[in-house]
Amino acid sequence: MKFAAFISLATFATASQRSLLDKRNEVARRKASEACSIGYCTQNGGTTGGVGGETVTVTDVDSLVNAAEQDGPLTIIVSGAITGAAKVRVSANKTIYGEEGSSLTGVGFYIRRTSNVIVRNMKIAKVEAENGDAIGIDGSSNVWIDHCDLSSDLNHDKDYYDGLVDITHASEWITVSNTYFHDHWKASLIGHSDNNADEDQGTLHVTYAGNHFYNTYSRTPSVRFGTLHIINTFWDTLISSGVNCRMGAQVLIQSSAFKNSSEKAVFFADSDETGYAILQDVDLGGSENTVPAGTLTANSLPYDPIQALGSAAVAGSIPNSAGQKL
């Protein structure tokens, strides 16, 4: 009888675990069908990712690589903890969505010369520089990065890892929202070189909304040439610097706050020309804004207004909402 009872309990436990996993997958599949509804990725026809295609679940690097490279619309659900060393090239019309509790370690996404890509609810850590950025967006349009947790560590040299989100080569109509950037040297870059004006000028329209930067050294973000709207963002414990406005970039920062950070909150450095910024309801937390005033205003943005939380509210709100929390 004792043996039979043990078998019964084991069977029940296995069935319960399977039921939980099935429920997580069902929730992920439902939420992965959502299109971008915030910021610049609503422009140019919108960003829908893999809508209209099949949905697959992957549990290892090879399956993820194969699915991401497929032609046509596809939704990819990432399940479980996946570890490797890879740069996953993502083709057009893809949604990549992390199940609750999923993660990638050493594996990043490369979104190059493509369009209509969504990456949501992913936890990505420790992608070594030889495999690129945690998420690299290169010459692409209509990309939505949302509710991701992106990090590495500060124990290695600053070039051991590359960026967490780097947006380059005239990429257009990009939104990075509700994402947690932490424990990293060079967090995020928009525009890779002073010498790329011919390609980048008039492009690089990017929205950063609802993001949390914590314990990062620099580039939160650094922007050249582009048009950048930052709203409802919380910077905490920035080690060296914050938003670097370069090469004529126009930046609008609203409803945001800095805390426990270095003197250089909004600044210009390391380029031939300064960028420009307008700050509205931004608590610098004792840090400074030292760049000239720009021309980008809320009224000039082409998309629906994003509700402002208010600078006094972001410290209590954003850490609870940014990251892998869908």
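Here is a short chat about one strand and one helix in a predicted model.

Visitor: What makes you say that both faces of strand E8 are covered?

Guide: Look at residues 135-138. Ile135 and Ile137 sit on one side, Gly136 and Asp138 on the other, and all of them are buried. Buried means under 20% relative accessible area, so neither face of E8 is left uncovered.

Visitor: Why do neighbours end up on opposite sides?

Guide: In a regular strand, side chains alternate between the two faces of the sheet.

Visitor: How do you know that E8 and strand E5 pair?

Guide: Pairing takes at least two bridges. E5 (residues 103-112) and E8 have four, in the parallel sense, so they count as paired. One bridge to look for joins Tyr110 to Gly136 in E8.

Visitor: And what about strand E11, how does that pair with E8?

Guide: E11 (residues 165-168) and E8 also pair in the parallel sense, over four bridges. Here Asp138 stands opposite Thr168 of E11.

Visitor: Now helix H4. Why are Ser311, Val314 and Ile318 said to be on the same side?

Guide: These three are the buried ones in H4 (residues 311-321). They cover an arc of only 5 degrees around the axis, so they lie on the same side of the helix.

Visitor: Which residues are on the face turned away, and what makes them exposed?

Guide: Ala312, Gly316 and Asn320 are there, and they are exposed. That label asks for over 50% relative accessible area.

Visitor: What covers the buried residues of H4?

Guide: The cover includes strands E16 (212-218), E19 (234-236), E21 (250-259) and E23 (276-283).

Technical notes. Residues numbered from 1 in each chain as written. Predicted model: local features only at pLDDT ≥ 70, side-chain atom pairs only at ≥ 80, totals over all residues. Heavy atoms only, no water. Buried < 20%, exposed > 50% of the residue type's maximum accessible area, 1.4 Å probe, protein only. Helix = DSSP H or I, 4+ residues; strand = E, 2+ residues; numbered from the N terminus. Arc of directions from axis to C-beta. Contact = heavy atoms within 4.5 Å.
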